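Let's go through this one together, one question at a time. Have the sequence and the coordinates open as we talk.

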4 protein chains.
Amino acid sequence: MDYVYGPGRNHLFVPGPVNIPDQVLRAMNRNNEDYRSPAIPALTKVLIEDVKKIFKTTSGTPFLFPTTGTGAWESALTNTLSPGDRIVSFLIGQFSLLWIDQQQRLKFNVDVVESEWGQGADLDVLASKIAEDKEHTIKAICIVHNETATGVTNNLATVRKILDHYQHPALYLVDGVSSICALDFRMDEWGIDVALTGSQKALSLPTGMGIVCASPKALEASKTAKSVRVFFDWNDYLKFYKLGTYWPYTPSIQLLYGLRAALDLIFEEGLDNVIARHTRLAKATRLAVEAWGLKNCTQKEEWFSDTVTAVIVPSYIDSSEIVRRAWKRYNLSLGLGLNKVAGKVFRIGHLGNLNELQLLGCLAGVEMVLKDVGYPVKLGSGVAAASAYLQNSTPLIPSRI
Amino acid sequence: MDYVYGPGRNHLFVPGPVNIPDQVLRAMNRNNEDYRSPAIPALTKVLIEDVKKIFKTTSGTPFLFPTTGTGAWESALTNTLSPGDRIVSFLIGQFSLLWIDQQQRLKFNVDVVESEWGQGADLDVLASKIAEDKEHTIKAICIVHNETATGVTNNLATVRKILDHYQHPALYLVDGVSSICALDFRMDEWGIDVALTGSQKALSLPTGMGIVCASPKALEASKTAKSVRVFFDWNDYLKFYKLGTYWPYTPSIQLLYGLRAALDLIFEEGLDNVIARHTRLAKATRLAVEAWGLKNCTQKEEWFSDTVTAVIVPSYIDSSEIVRRAWKRYNLSLGLGLNKVAGKVFRIGHLGNLNELQLLGCLAGVEMVLKDVGYPVKLGSGVAAASAYLQNSTPLIPSRI
Amino acid sequence: MDYVYGPGRNHLFVPGPVNIPDQVLRAMNRNNEDYRSPAIPALTKVLIEDVKKIFKTTSGTPFLFPTTGTGAWESALTNTLSPGDRIVSFLIGQFSLLWIDQQQRLKFNVDVVESEWGQGADLDVLASKIAEDKEHTIKAICIVHNETATGVTNNLATVRKILDHYQHPALYLVDGVSSICALDFRMDEWGIDVALTGSQKALSLPTGMGIVCASPKALEASKTAKSVRVFFDWNDYLKFYKLGTYWPYTPSIQLLYGLRAALDLIFEEGLDNVIARHTRLAKATRLAVEAWGLKNCTQKEEWFSDTVTAVIVPSYIDSSEIVRRAWKRYNLSLGLGLNKVAGKVFRIGHLGNLNELQLLGCLAGVEMVLKDVGYPVKLGSGVAAASAYLQNSTPLIPSRI
Amino acid sequence: MDYVYGPGRNHLFVPGPVNIPDQVLRAMNRNNEDYRSPAIPALTKVLIEDVKKIFKTTSGTPFLFPTTGTGAWESALTNTLSPGDRIVSFLIGQFSLLWIDQQQRLKFNVDVVESEWGQGADLDVLASKIAEDKEHTIKAICIVHNETATGVTNNLATVRKILDHYQHPALYLVDGVSSICALDFRMDEWGIDVALTGSQKALSLPTGMGIVCASPKALEASKTAKSVRVFFDWNDYLKFYKLGTYWPYTPSIQLLYGLRAALDLIFEEGLDNVIARHTRLAKATRLAVEAWGLKNCTQKEEWFSDTVTAVIVPSYIDSSEIVRRAWKRYNLSLGLGLNKVAGKVFRIGHLGNLNELQLLGCLAGVEMVLKDVGYPVKLGSGVAAASAYLQNSTPLIPSRI
């Protein structure tokens, strides 16, 4: 009945889906309910308010789609744009590539700004394009906040500065799938028009909820956007928001209660503390990588991701073998290298509801796998480097002081 | 933390989402997993084979979308048709109406064949249209097998006979949301090209999986269909099926294990026994309605639905008050009347993993609510009629003999 | 893996173990924890305070033993009495018989006061014995509040009156296994010295916690009681209470969190409302039995139990066949007749977290089984009688008004 | 609702209660059932057979008491001995001390053979006593296989050899609480008369089941043993075994299904592989302790425990502070030093369903705590030593090859 038995816990360090806290599992362990009873709208109403907090928005309108990140992308695009619209999009890794593929298949006219994998979005090119675009033919900027394939975080504040500098009215659409609830993210401050995430990332839920948050400007754009959409249409949701019944079609009861529990955990820890924890665990991971004598796929510190680290392996090693072996021998799930970096990098996801010793267990496992596949790592070296940092920086658990 | 507390169990008799069996809840009570490990593809492979059995197809190809029935509709349409295509669609209640709305918004040219709510699809009109359509301008017939709003089941075999009689090549698309796994459904025998259902109906899972099954002819059509689609595109799935990794984007790990458990239960009981149980419980419900002196919204026996019964209330009663009161006083969840029949009918869903005494508890509750709202029902009359039938027809539980 | 599959829910109407509410199942769905961390003592401390409320005591001291009701009995006796001590005990059914058996095996000198099964404790005999016992040779009165085998509730207030009338110092020990949290129970007011219950009864938890509550007088008695005891010794607990660590040996972490959730549900509903609900459901059950033309095993109304009803079947029917068939055909679990009433009665447990429609489903099932085994019941008659009463007396669910 | 929140998982390394595998949690996530239906006896019957395998006995009779290890002790003693009986018992740490305390309170005449804490049972003394006891006044030898307080494993085979050498008929009673299912244990081969364990130890279940296994000789002894017992009496069980209903009183339904799942996991891994895994993780732990420059409380290698390691801290450190801080800062639960070694040792439990990376995470945590409290440990040193060993010795997970 269980396909993946091994003694002890699976060590889940892919950059999504991530570990679900026990409190969330408990909250989701329940029968279905009538979503048209007064209870579910009451629950939804508060959830929608609370979800704004993780986007750091007060003016945005969230939509909780029964879908994945890919669906959330589609919702962001089709509700704000019309076929043929010119948009600027940055190709820096597998997930930005997939989003661009979607943008093209949805018939937008995409200016692809490509960077080497391991680099961030080339914002100089963006600046030029915006500067040149006096006639405002560019309708939207699409950018992935955190490219999960390479562990690269883009600078969202700079994008806003560029747009503001040229007083350019382009919509600003952000994929926050592997960033929101983990990295510093400020929808209102950065003037983001559509931001989106998926439940199975830093929110630490099962897959199945794509959360899209629209600014007033995005909502306005949706009134004239001509892209065909039904399932992903904001308007159907808005109609039911107004009615107070909230759902144009059946939501997952379990994910609603799960989201409630997940948000409760985040607010109890404090969103800023959650983000600080991600910074801490990421720093520790990078120190370990350095101690192992390996290179981060991310080429400059300014782009270092605090949710996933892509580690480059020596050319004589196939990184897929590392991932396979980690799973087969140590019950450790690492992320594969994708597309251009397949075989060349493996990835350590360090996002979601996670703590120091879980990470150190993972790092100890990576060391053993590296040795298994013939890389001359000094066992314990990465753990030593990481724990030297963590021992200095980990706070007491507030509820236990 | 729990919005809907009341002593004892909630009696869930809306026609979806339905009761989840404990075995399925147990199977879903689990952490996330890496969906790129060998375990999830191995699980998926068998699921896809097993899902064919509930569609009664050997040649069909199932897709397990992380979506709802509405998304499954969209997938069925956009993968097989092009904007402007002429299709025939039957309006017989709220769900067929919503599907037609979707069809129109997706830019198809819809011949709407309307019936009075409470009647089945007018297949005579279909026959005329097909007969007249010598040039095969009709590209598809879209029909809801079971209209959940009125409790009307359409005759799918007749649709096939009409198409065959005129050798008409139109695609045959069927919404089986409240029928598959509960009513007699034969995808191959009836030459259905796309059939679809949602996890929260007779499969008795949480909401979140839209299952779409495509015939070889539908797959062929998908190669030329020009409707814009990305998230719902079969082709992305087929690419990953070929690779053996199965998922173009992240699935819900919990729903996959849940589906495994749900199918195990269905196969253990026997799909035909499951269908016979639905027939039995539906018959019992209709006998109770008759005993109460109330009318079935479904106008003729040939259309009686074995998954949901819509009951017409006397004009001096507001059916919404029945639903509200059932929930507030007896922890009983009944279905509201929708749209044209709002206030006029309430609905008893009797689908999914359910047994005789659960239904009789519900019927006893309906009797008390009817009395509460001023209808002069004889308490016990419906239960008496239903149990007279059930006491004669209920088999022993096979595993207990 | 699951031995008892049948479609739909099991209808659990044995008088224990009873249905566990979903909130409690969720609370218990958790890993072990270190019971020596600060968290478990903090949890325990509040539990012990809150448990007093269900005994209606402020001066009592509760002990949460990892055991069953049988163990709780043993703890009550061995901590307060010495071998050879004279005690008065009432034999009125199988459970009082088992307790007397234990008392005798523990070497007490038991005055057994026997009544016909179906009658309550003969308190006239008690009065005589107490009146005669000028020298106070009687050290304790042992009485089962609610005899689960026959559905007989004894009058605890009268016992106290008798003792007080004669100013007799005997300890007053009460088995409240199938009464506490369901029937009116007042430890302090009635001067009960030891009261006990089991987690799987009206508390609606799994089996595994025997709760014993001792008055100051009982604690005093424990200092000189010479019965040999270790596992069940209150003194070991008291030592750890004083230390603030609470546990002389490992408790079940899951049951502690489960008890927390169970008490929260009871307090949220209101203990008096919980008791009123039991009264209501019991009355409805008795009305159904009457409507079926069957007799209650309990011979007088003053003894009617509000937690379990034992129903006498006609002599040509074997009540075991009713229980067997209910389980095999309708997934309905009823209680067997035990010992003297084996084959002669079946029992309907109506205690714990239960509501009206659950009970009516059960009653409808009993009717069908009665017909199955050849009793000429009028189907629907019991349900009609019960629902006529319930429709008049069931309050709105407070959280839903 | 949750007292112990901290981000991420709790790292549970007390020597019991231990981590419960997810498969077992799932199996236990269920409603109560009627334990008198045919299902529970059928389940119990197989469990009793399968439990014999973990004791390595074919002739023994297991009893699954709803109790803890302390209750299992009491059952072992009271069923086989009479007050005043002379027994030999070994005091080597807190748990053997508590057992001896129980033996004395149960009125046996105990020859206490004491060793320094950190040493094993003094079997030379046993040999002398047995040699001298020509008249067979010694009725039983009581020994703790694994003293959980000091991490000392006694040599059970030698005890048998001594008894055999002198052809002494004393009963041989063994506390296997922290050994069975983790250490090499051979009830039949070593001629053990009563062996016992608790569910929350290597079986990796919640607390609440005390498993006692009796040899034919022990069963024979129980017929004449005069110790007073009721709840713990084997005879009540044997009566119900004969009837095929198995339970003299209500068992925990959840623990029965949990035990089924736990045994399935153990048999799937292979009991010998489970034991080898414990050996491996223990060895790794000891290598880490050595690398930290700390001493094992266990004085000789022959006594090293493979389920728990007690680590001596320098005299200037309070080991309780280590345990407190581990919990407060790193969500790591370690075992306190008890009684004589309070403040002097902390304990790492490495038993139950556990794997390499979980242990390495724990060891990394211990290193940081040691540094926190002022011990000049080289961070990473213990992890390095442990992983050097584990990287060489860990097998592939069989189900993943």
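**A threonine, some cysteines and an interface**

At 0% relative accessibility, A:T67 counts as buried (buried is under 20% relative accessible area, exposed over 50%, partly exposed in between, with a 1.4 Å probe and protein chains only). A quick word on ground rules: this is a predicted model, where local features need pLDDT of at least 70, side-chain atom pairs count only at pLDDT 80 or more, and totals for chains, interfaces and linings use all residues. Residues are numbered from 1 along each chain as its sequence is written, chains are lettered from A and ligands numbered from 1 in the order written, and side-chain values use heavy atoms, with hydrogens and water left out.

Student: Which residues of chain B is A:T67 in contact with?

Tutor: A:T67 sits in the loop between strand 2 (61-65) and helix 3 (69-78) of chain A (DSSP runs numbered from the N terminus: helices are H or I with at least four residues, strands E with at least two). Contact means heavy atoms within 4.5 Å. Leaving aside neighbours within four places in sequence, the partners of A:T67 include A:G208 and A:F232, and from chain B they are B:P66 and B:F231.

Student: Why is A:C181 in no disulfide, and how far is the closest cysteine sulfur?

Tutor: A disulfide here is a pair of cysteine sulfur atoms within 2.5 Å, and the whole structure has zero of them. A:C181 is buried, at 2% relative accessibility. Its sulfur is too far for a bond because the closest cysteine sulfur, in A:C213, is at 12 Å.

Student: What turn lays chain D on chain A?

Tutor: Superpose by least squares on the C-alpha atoms of residues with pLDDT of at least 70 in both copies. The RMSD is 0.0 Å and the shift along the axis 0.0 Å, with a turn of 180°. That is the relation of a two-fold axis, so the value you want is 180°.

Student: Which three residues of chain D supply 19% of the area that it buries against chain A?

Tutor: Chain D and chain A bury about 5000 Å² between them, 55% of it from carbon and sulfur atoms (accessible area lost on being put together, 1.4 Å probe, summed over both parts). For that 19% of chain D's share, more than any other three residues give, the names are D:Y5, D:L357 and D:R400.

Student: Which residue of chain A meets D:D22 in a salt bridge?

Tutor: The rule asks for a side-chain nitrogen of Lys or Arg within 4 Å of a carboxyl oxygen of Asp or Glu. It finds two salt bridges across this interface of chain D and chain A. For D:D22, at 3.5 Å from N to O, the partner is A:R9.

Note on methods. Buried area is the accessible area (1.4 Å probe) that two parts lose on being put together, summed over both.
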